[in-house]
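Dear colleague,

I am passing on the structure we talked about, and below it you will find my notes on what came out of it. Please read them with the model open beside you.

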Amino acid sequence: MRSFPSRLIGLAVAVGLAGACGPKQVKGPPTGPGTDFIRSYVGQKRVLRFQADRDRLDVKKKDRPQLPGTCDAAVEVRSAVLDKGSPRLVLETVGIPGMERARPRCKAVPATITLSMSGFERDSPAQITGRLDQVLPAPEGYLRAYGVPFDVASAAEPAVAASSETNAPDEERRLGRRVTTWPRKLFWVDPTYRDPGHRVRHEGEVEFEAVVGADGRVYRPRILTGLDKAHVAAIERVLPMWRFEPARAGKDPVPARLSSRLVFRIY
């Protein structure tokens, strides 16, 4: 009869062999708090700076903060993942950004752009976000890059807005009489639409009206030019990116109605 220690050793060997021969666990994509920061970009509308005329862009850690190039594009982030610790984002182009101090020059802009960042495997989420926000800033960051501060937080949609129109409700006209300066456009995006059949190419101005909130953002836009639903949707998609110096009654910012135009391009 085997001693107790011998039986114990035999049991340990059997368990070890079972573990070695059993099915291996397959590792999936990284999850958890460490990846939440990159997934939060999905659905955001931002501006890809400098090299938006390329369908693939690899930003290396050693690159200078300002990349070469003159082509900027407004984009929506369709997907964002960490690939071996470095970000990879797929961007859909939605328009051409503009402001008084910046006029992007693009020969052509692809429908989708893959943005990869390499050399950031050992960096913290804050470091990666800081670099990513240089290359792919939000409208506020784009303005700051050209020395235009815009640090007003988003607010609730205004219920009442100042108006100078004679047919506006009394409350809006009363508020309109207090206005000393009306909204001034700081940052805008001229929308683009890609015709699925590649049969239509057109560029023209479109009229719209909206409310500019005390936070300088666009609310309740209404397209006045007769267009197809798909074209209207393409325009309404970019209007939330616009930023204004809000109307003011003295020193106080107030919501105000606005009529304006934009350039709409169909490719």
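In which sense do strand 4 and strand 6 (residues 184-193) pair, and over how many bridges? Please keep in mind throughout that this is a predicted model. The two strands pair in the antiparallel sense, and five bridges hold the pairing in the assignment; one point of reference is Gly95, whose bridge partner in strand 6 is Pro191.

Strand 4 has further partners, and I would suggest taking them in turn. With strand 3 (residues 73-83) the pairing is antiparallel and extends over nine bridges, and within it Ala80 has Leu89 of strand 4 as its bridge partner. These two strands form a hairpin with two residues between them, and in that turn Lys84 has a positive phi of about 55°. Strand 4 and strand 5 (residues 112-118) also run antiparallel, joined by five bridges, and here Leu91 is matched with Ile113 of strand 5. As for its surroundings, eleven of the 14 residues of strand 4 (residues 86-99) are buried, so this strand is largely enclosed by the rest of the structure.

The other feature that you may wish to look at is the disulfide, since the count comes to one. It joins Cys71 to Cys106, with a distance of 2.1 Å from S to S, and the link is right-handed, with 105° about the S-S bond. The pair links distant parts of the chain, 35 residues apart: Cys71 lies in the loop between strand 2 (56-60) and strand 3, whereas Cys106 lies in the loop between strand 4 and strand 5. The two cysteines can also be described by their exposure. Cys71 has a relative accessibility of 0%, and because buried means under 20%, this residue counts as buried. Cys106, with a relative accessible area of 28%, is partly exposed, because that value falls between the 20% limit for buried and the 50% limit for exposed.

For the protein as a whole, the secondary structure comes to six helices and twelve strands, and 41% of the 267 residues count as buried. Among contacts with a separation of 6 or more, 73% are between residues that are 24 or more positions apart. The protein exposes about 15,600 Å², of which carbon and sulfur atoms supply 52%.

With best regards

Methods:
Residues are numbered from 1 along each chain as its sequence is written. This is a predicted model: local features need pLDDT of at least 70, side-chain atom pairs count only at pLDDT 80 or more; totals for chains, interfaces and linings use all residues. Side-chain values use heavy atoms; hydrogens and water are left out. Helices (H or I, at least four residues) and strands (E, at least two) are DSSP runs, numbered from the N terminus. Buried means under 20% relative accessible area, exposed over 50%, partly exposed in between (1.4 Å probe, protein chains only). Contact means heavy atoms within 4.5 Å. Accessible areas come from the Shrake-Rupley method with a 1.4 Å probe; for residues, only the protein chains shown count as cover. Two strands pair if DSSP finds at least two bridges between them. A disulfide is a pair of cysteine sulfur atoms within 2.5 Å.
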